[in-house]
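Walk through the fold below, starting with one helix and ending with the chain as a whole.

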Amino acid sequence: MRFDQLLADELDATMQAQLLPEDAVASLGRWLADPERGRRYRHGSGAHTVAFSPPHWTAIAPWPEAFADRAAVPSASVSRADVVAVVRAAERSQRWAEAFVATQVWGYGLRGYGAYRTGQVLAQPGAEEAFAQAVSLLADEGASAAYERLQVWDGLGPAFLTKFLYFAGQALPEVKGPRPLILDSVLAGVLRRHATKTGDAAGYAWAAPIARRIWRGSNWTSHRYRLYLRWMYAASEQLTAASIEWPATPDVLELALFSGAWDPGSATRVGGHRDLPTPRRSEAERAQDRRRRERMRGKGR
């Protein structure tokens with residue numbers, strides 16, 4: 001079907017009005033209580049750690065002084081809290097290229113191509129100025145404006161530019177509106193399935209194709225990013241109000257959804273008819289999926 005913005009707006013409004021269903025709240029509560037999964041994040045996501053290989057980054061400059069010596073150790077790890085500390089130092093010194101490198105090291109983790117792609121972005125004329133402008137826009141106009149500034153930058157996709165904006169937002173004392181959150185294909189997939197299921201429940205025969213368009217795997221508009229933040233912040237408030245001891249930090253919800261704490265699932269439509277829902281997975285299958293996501297986190301975001 002042809003894309004219709006009015007239908008997209010209606011689906012967005014329905015999602016915003018309903019937020020998380022009861023099963024989602026329960027699943028996220030179990031994730032937070034699980035000592036092997038979410039319990040370490042009861043007070044925030046700062047402990048979320050990613051492994052990386054310092055020698056792979058030898059050619060990248062500037063290198064964050066607080067990070068491991070690239071010539072001294074073959075492997076190291078970096079947490080969200082570590083990256084926030086680097087970005088805060090960069091905010092004082094205005095060394096935004098160094099801050100960008102720190103966010104990309106965390107984002108790529110053990111992926112071998114991370115340094116190459118980061119180097120391609122840094123090699124473009126005016127890169128550090130673009131980072132500084134994005135941070136200034138974040139403080140003065142908000143996350144959507146900062147997103148637009150970096151969205152046009154060659155080689156820097158939304159998943160990694162939002163990592164930079166997320167850490168910048170955590171480091172700055174104040175920003176305009178909600179602080180940025182990471183949006184990648186995993187998060188978009190969760191919201192795509194949730195939008196489809198929500199639309200189906202509302203009787204929208206067109207829900208699935210519209211959800212596939214607005215929550216596609218990448219290249220989200222600044223409008224979509226703004227709606228993503230609005231939904232995530234409202235859903236986080238819903239969880240905080242529930243009796244599950246959820247922390248008042250929306251980035252924990254981002255981490256939980258990335259980690260597979262709740263998957264709404266979806267029914268698909270073929271020829272206008274609704275297919276049967278995906279069969280319920282066994283506990284062994286869910287455990288295998290959790291282990292796969294744990295390995296993904298070790299490789300970066």
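Helices (H or I, at least four residues) and strands (E, at least two) are DSSP runs, numbered from the N terminus. This is a predicted model, in which local features need pLDDT of at least 70, side-chain atom pairs count only at pLDDT 80 or more, and totals for chains, interfaces and linings use all residues. Residues are numbered from 1 along each chain as its sequence is written, and side-chain values use heavy atoms, with hydrogens and water left out.

Helix H3 covers residues 80-93, and just after H3, Gln 94 takes a positive phi of about 60°. The 14 residues of H3 reach 20 Å from first C-alpha to last, close to the 20 Å expected at 1.5 Å a residue (1.5 Å times one less than the number of residues). Buried in H3 are Arg 80, Val 83, Val 84, Val 86, Val 87 and Ala 90; buried means under 20% relative accessible area with a 1.4 Å probe, protein chains only. Seen down the axis, these buried residues fall within an arc of 160°, so they line one face of H3; the arc is taken over directions from the helix axis to the C-beta atoms. Their cover includes strand S2 (76-79) and helices H4 (96-108), H8 (158-171) and H12 (250-258).

Strand S2 runs antiparallel to S1, with 4 bridges joining them (pairing requires at least two DSSP bridges). Val 50 of S1 stands opposite Val 78 in S2. Along S1 (residues 49-52), Val 50 and Phe 52 point to one face and are buried, while Thr 49 and Ala 51 point to the other and are not.

Overall, the protein has 13 helices and 4 strands, and buried residues make up 50% of its 301 residues.

Terms used. Contact means heavy atoms within 4.5 Å.
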